[in-house]
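Please open the model in your viewer and keep the sequence panel beside it, since the stops below are given by residue number. The tour moves from strand pairing to the cores and ends with the parts where confidence varies.

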Amino acid sequence: MRLSSIAILASAFLFAAVSSLVAASFAVTQVEATTEIQIRQALDESQMGWAEVQADGLQLHLTGTAPSEARRFAALTVAGRIIDASRVIDGMNVTPAEQIAAPKFSVEILRNEGTLSLIGLIPAETDREALVARLNKLKGVEEVSDLLDVAAHRVPDGWSPALDYAVKALNIVPRSKISVEASRVSVTGMADSPAERNQMETALKKAAPREIKLKLDISAPRPVIAPFTLRFLIEDGTPRFDACSADTEEARAEILAAAASAGLEGAARCTIGLGVPAPEWSEAATKSIAALAKLKGGSVTFSDADITLIAAEGTEQGLFDDVVGELENDLPELFTLHAVLPETPEKGEEGPPEFTATLSPEGLLQMRGRMTDEQSRSAIVSLAQARFGSDAVHNGARLDETLPKGWSIRVLTALEALAKLSNGAVVVTPDTVSVSGNTGLESASDEITGLLSDKLGEAEDFSVEVVYQEKLDPQANVPEPEQCIAELKQIQEVKKINFEPGSATIDAESMGVMDDISEVLKACGPFRMEVAGHTDSQGRETMNQQLSANRAQAVLNELRMRRVLTASFSAKGYGEEFPIADNGTEEGREANRRIEFTLLTTDATEDESSLEDHARSAQEDAASAASDEETAAEDAPAASAEDGSGDATEEGSGDD
């Protein structure tokens, strides 16, 4: 009985314990579910649906991949507001940050003659010290300021050739700002004249590698125009400019618009320059052109602030008076007007005396007509010979003491104007001076007009009919570098450059060859050329190399003495490295002692390979023509020597 009671009591306790455990487990499960739901809702409201929530007893696990470290921390904060933050287990990942984008590498190179500055960001792999060393070696550079920063990122494609080209461009434009990016170079610079600007642009374009996008902005100072000249004519109903000057872009536009309103068709050139006599230049010019249009013929000429308006023959007196009176009242202050209405000649009157000079395309000048006296004739002939050459002048003019005052001055001025043409004619009469012909100088018409206006005076009538022809322009007909190199080769095929034995002194007989070479190079535009010296294999190799370098430099010095621009030329000695003939024979050694002119490419590695290819090609050509060279050497040994006197031991004597 007692045992039965104990058993019943134990069963009751066991049941109670099990019931408590079940109740507790149910309560925990309910708490976990409630907590998960609350935190899940809070995260969704905060737009953090990427976070996963899982309760484990009193702990809460947060998993998932956060888009950023900030969003991961925000998820922890949201959960920590609902339960104790110490119960939150962080199992979240963060999306890896994208690789940091490479910076934009760029360099600004500023050069003002001797000073040079580097500003910008370059790749760490760029040899900074080598770059600064190259810049220090540029001709005329005295100081280089290195203000560069570096970044350890991959060198972008096109960076190295762009930077290399920029250094070369600094040699061409000594006053410049060069901006360098990968595959892009922008050159902004200053030239001393429009002609120099054209030469710089040509040289920069030729030196640019194909993969480089090049932008050029080379400016030249505005020319000083003295006198400041404008001349507008209407002849046979056709308007034209003989000369046009303006001080600003706006003034030029206004003047050309007035000319178009007067009937001028097509494009017209108007030079912007310095020296305008008054700010109201364009106002005076446009009103004068409009006045001439009302007269329907004649000319209006400006020489600084002096204006000469000459009506066409046959213009009605009343119309002339009205137009001139209107213009006089409308002109700005400082401008003075001299108006002329020519008299109509009577029928049957003898024509006026005249002087005529014609210049042929070959440069021959013929003068005929009338001159005042022997003294004037002597002065006129002397001027003509000075301008056109003593042997090119033929004078057939006769003396006439009845000629009007100032005749000789008019003739001399006309010849000065004719000297600006490639071919043409001038005619001088008591009433007018006319100049006509062809020229290769774009500014010739302006210059002739200014000359006549200045020398003849404001009341004088003259006409200028000058045609610019590009084929006559020496700048437009500069031969290509390849053509120049070919001409140098042809000169040396006839007569080679000789040196005194064992030295770098060019012998006297070769000075004529240097003269011919200089004339060719003066006619060529700027290009990169190497003057290369070569020797035979006699003597020590190091001494041969030095001798060849000295001889190449001697040739370069001779070119400079003949006023050849050699800034883009270099001298280099190759010694015996590139023979073009057999050094085992006298004829072969003679051929190997030589000076060569080589056109350089824009890439230094290409330069070296092109020189080697050139030497090997020359060697093959020489080998195929060995028998011809031997025959020529026997017939004329002196003419075949290029670098020496024909002595086979010359190199050896120079080396030892």
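Two strands are said to pair if DSSP finds at least two bridges between them. With that in mind, and remembering throughout that this is a predicted model, select strand 2 and strand 3 (residues 88-94), which run parallel and are joined by 7 bridges. Within this pairing, pick Ala66 and look across to strand 3, where its bridge partner is Val94.

Now add strand 1 (residues 52-56), which pairs with strand 2 (residues 59-66) in the antiparallel sense over 5 bridges. Glu52 is the residue to select here, and opposite it, in strand 2, stands Thr63. The hairpin formed by strand 1 and strand 2 has 2 residues between the strands, and in it Gly57 takes a positive phi near 65 degrees.

From the hairpin, go to Ile39, which is found in helix 1 (residues 2-45). Is Ile39 buried or exposed? Its relative accessible area is 0%, and because the cut-off for buried is under 20%, Ile39 counts as buried. If you display its surroundings and leave aside neighbours within four places in sequence, you will find Ile39 in contact with Val53, Leu60, Ala79, Ile82 and Ile83. For one of these, Leu60, a distance label between C-alpha atoms should read 9.5 Å, although the two residues are 21 residues apart along the chain.

Next, select the largest nonpolar core, which has 36 residues, and highlight those with the most contacts inside it, namely Leu230, Phe232, Phe241, Ile255, Phe302 and Phe335. At least two residues of this core come from each of strand 10 (229-235), helix 6 (249-261), helix 7, strand 14 (298-303), strand 15 and helix 8. Which element gives the most to this core? The answer is helix 7, with 7 residues. To see one member of the core in detail, centre on Ile255, which, not counting residues up to four places away in sequence, touches Leu230, Phe241, Cys244, Ser245, Ala246, Trp281, Ser282, Ala285, Thr286 and Ile289. A second core, separate from this one, has 35 residues, including Ile109, Leu116, Val132 and Leu148. As a general background to such groupings, nonpolar side chains in soluble globular proteins tend to be buried together.

Helix 7 (residues 281-295) deserves its own stop: its 15 residues should span 21 Å at 1.5 Å a residue, and its end C-alpha atoms are 21 Å apart, which agrees. Colouring helix 7 by accessibility brings out its buried residues, among them Trp281, Ala285, Ile289, Leu292 and Leu295. Step just past the end of helix 7 to Lys296, which takes a positive phi of about 65 degrees.

Leu295 also leads to the next selection, Thr315, which is in contact with Leu295, Phe320 and Leu341 once its neighbours within four places in sequence are left aside. Thr315 lies in the loop between strand 15 (306-311) and helix 8 (317-330), and with a relative accessible area of 13% it is buried. A polar atom of the Thr315 side chain lies 2.7 Å from the backbone oxygen of Ala312.

Finally, colour the protein by pLDDT, whose mean is 82, with 83% of the residues reaching 70 or more. Confidence is highest in helix 7, at 96, and lowest in helix 18 (residues 637-640), at a mean of 34. Over residues 602-656 the pLDDT is below 50, and this stretch has 101 contacts in the model beyond near neighbours in sequence.

Note on methods:
Residues are numbered from 1 along each chain as its sequence is written. This is a predicted model: local features need pLDDT of at least 70, side-chain atom pairs count only at pLDDT 80 or more; totals for chains, interfaces and linings use all residues. Side-chain values use heavy atoms; hydrogens and water are left out. Helices (H or I, at least four residues) and strands (E, at least two) are DSSP runs, numbered from the N terminus. Buried means under 20% relative accessible area, exposed over 50%, partly exposed in between (1.4 Å probe, protein chains only). Contact means heavy atoms within 4.5 Å. A polar contact is a pair of N or O atoms within 3.5 Å; within protein, one must be able to donate a hydrogen and the other to accept it, and residues adjacent in sequence count only if both atoms are side-chain atoms. The expected span of a helix is 1.5 Å times one less than its number of residues. pLDDT is the predictor's confidence in each residue, from 0 to 100. A nonpolar core is a set of buried Ala, Val, Leu, Ile, Met, Phe, Trp, Tyr and Cys residues joined through side-chain atoms within 4.5 Å.
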